[in-house]
Structure formats: C-alpha cells, structure tokens
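User: I would like to learn how to read the features of a model one at a time. Please give the general idea before each case.
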Amino acid sequence: MVTYESVKAYCLGKRGAQETYPFGPEPFVAKVCGKMFALVSEGSVSLKCDPVIALNLREQNPAVKPGYHMNKKHWNTVSFVPELSEDELNDMIDHSYDLVVRSLTKAQREQLQASLVQS
C-alpha cells in the first residue's frame, strides 16, 4: 500500500532532491534545483506530467485526476488507493522528476551531475 512516508522517502531518494515546506507543515514539496516535482499530502501526491501522458493516465486509472490547485494540463493528483501499486506511482514520480530535470539549464544539470559524482 502506498503511504505518505513511502512516497516522501522515494522522492527524497532522487538525485538532488530537496525537502521543502513552502505552504506550512503540510504539504511536503519535493524540489530539484529549486523546482517542484512532487507535492505530497496525507492522501495524495501531485506530479508534473507530459500533457498527453497525463490524459492517458487519467483515462486508465481512477486514482489519477487533474492536478488539484495546479495547472491541470501539466499536473496530475494521484490518490493513495489500494488499487495503485507502489511501482506504478514510482514510475509517475520518476516521470515528473525527469521532466523537471530536463527543464533545468545546462549549468544546473551539470551541477546536479557533479553532485552525483562527489557522492
């Protein structure tokens, strides 16, 4: 079963991930190089998503809805329901993280890569 703690731990395991709380004690916001890739609440997570993939995910999985209080074209909110496997959600988190990393400047991506080498 997907939980707040398991999602938070997976997000923070991503290279360069930062734990932030810009909106108060909840939700937890995972960022890379200052850009958000996950917004985690007690029962759901909002994730960046390619618009075409976002629509497909919403059609295929009732736990996936347009982003709550987010740009609905580019964000999905995924509820933690028993039917959703941890692997499925981790794939969505990976996709969100990858989209954000690709949007970084070349210098930011190089800095992120350098931090991996130093670790």
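Analyst: Helices and strands here are DSSP runs, numbered from the N terminus, a helix having at least four residues and a strand at least two. By that reading, His-69 lies in the loop between strand E5 (64-66) and strand E6 (75-79). Keep in mind that this is a predicted model.

User: What is notable about the phi of His-69?
Analyst: The phi of His-69 is positive, about 60°, although the residue is not a glycine. Cys-33 also has a positive phi, of about 50°, and is not a glycine either. Cys-33 sits in the loop between E2 and E3.

User: Is His-69 buried or exposed?
Analyst: Buried means under 20% relative accessible area, exposed means over 50%, and partly exposed is in between. His-69 has 65% relative accessibility, so His-69 counts as exposed. Cys-33, at 24%, counts as partly exposed. As for spatial neighbours, the C-alpha atoms of His-69 and Ser-46 are 9.4 Å apart, with their positions 23 residues apart along the chain.

User: Which peptide bond is cis?
Analyst: The bond from Glu-26 to Pro-27 is cis, and its omega is near 5°. Pro-27 belongs to the loop between strand E1 (17-20) and E2.

User: How do I read a nonpolar core, and how many residues has the largest one?
Analyst: A nonpolar core is a set of buried residues of nonpolar kinds, joined through side-chain atoms within 4.5 Å. The largest such core here has 24 residues, and those with the most contacts inside it are Val-7, Phe-37, Val-45 and Leu-89. Two or more residues each come from helix H1 (4-12), strand E2 (28-32), strand E3 (35-40), strand E4 (44-48) and H3. Of these elements, H3 gives the largest share, 6 residues.

User: How many salt bridges are there in the whole structure?
Analyst: A salt bridge needs a side-chain nitrogen of Lys or Arg within 4 Å of a carboxyl oxygen of Asp or Glu. A search of the whole structure finds 2. One of them joins Glu-19 to Lys-8, with the closest N and O atoms 3.0 Å apart. This pair links distant parts of the chain, since Glu-19 is in strand E1 and Lys-8 in helix H1, 11 residues apart. Glu-19 has 41% relative accessibility and so counts as partly exposed, whereas Lys-8, at 16%, counts as buried.

User: Which residue forms a salt bridge with Lys-14?
Analyst: The side chain of Lys-14 meets that of Asp-94, at 2.8 Å from N to O. Lys-14 lies in the loop between H1 and E1 and Asp-94 in helix H3, so this salt bridge ties together parts that are 80 residues apart in sequence. Lys-14 has a relative accessible area of 17% and therefore counts as buried.

User: Where do like charges gather on the surface?
Analyst: For such a patch, residues must have over 30% relative accessible area and no salt bridge, and like charges are joined within 9 Å. Glu-86, Asp-87, Glu-88 and Asp-91 form a patch of negative charge on the surface. Glu-88 is in helix H3 (residues 86-103). With 35% relative accessibility, Glu-88 counts as partly exposed.

User: Next, pairs that are distant in sequence. How far apart in space are Val-100 and Val-32?
Analyst: For such pairs, read the separation along the chain beside the C-alpha distance. Val-100 and Val-32 are 68 residues apart in sequence and 7.6 Å apart in space, C-alpha to C-alpha. Val-100 lies in helix H3, and Val-32 in strand E2. Val-100 counts as buried because its relative accessibility is 2%. Val-32 is also buried, with a relative accessible area of 0%. Val-32 has a further pairing with Leu-112: their C-alpha atoms are separated by 8.7 Å, and the two are 80 residues apart along the chain.

User: What separates the C-alpha atoms of Lys-35 and Ser-103?
Analyst: The distance is 9.3 Å, for residues 68 apart along the chain. Lys-35 is in strand E3. At 36% relative accessibility, Lys-35 counts as partly exposed.

How values were computed: Residues numbered from 1 in each chain as written. Predicted model: local features only at pLDDT ≥ 70, side-chain atom pairs only at ≥ 80, totals over all residues. Heavy atoms only, no water. Patch = residues over 30% accessible without salt bridge, like charges linked within 9 Å, V, L, I, M, F, W, Y side chains within 5 Å. Areas by Shrake-Rupley, 256 points an atom, 1.4 Å probe, with all protein chains shown as cover. Lys, Arg positive; Asp, Glu negative; His and termini not counted. Charge placed at Lys NZ, Arg CZ, Asp CG, Glu CD. Buried < 20%, exposed > 50% of the residue type's maximum accessible area, 1.4 Å probe, protein only.
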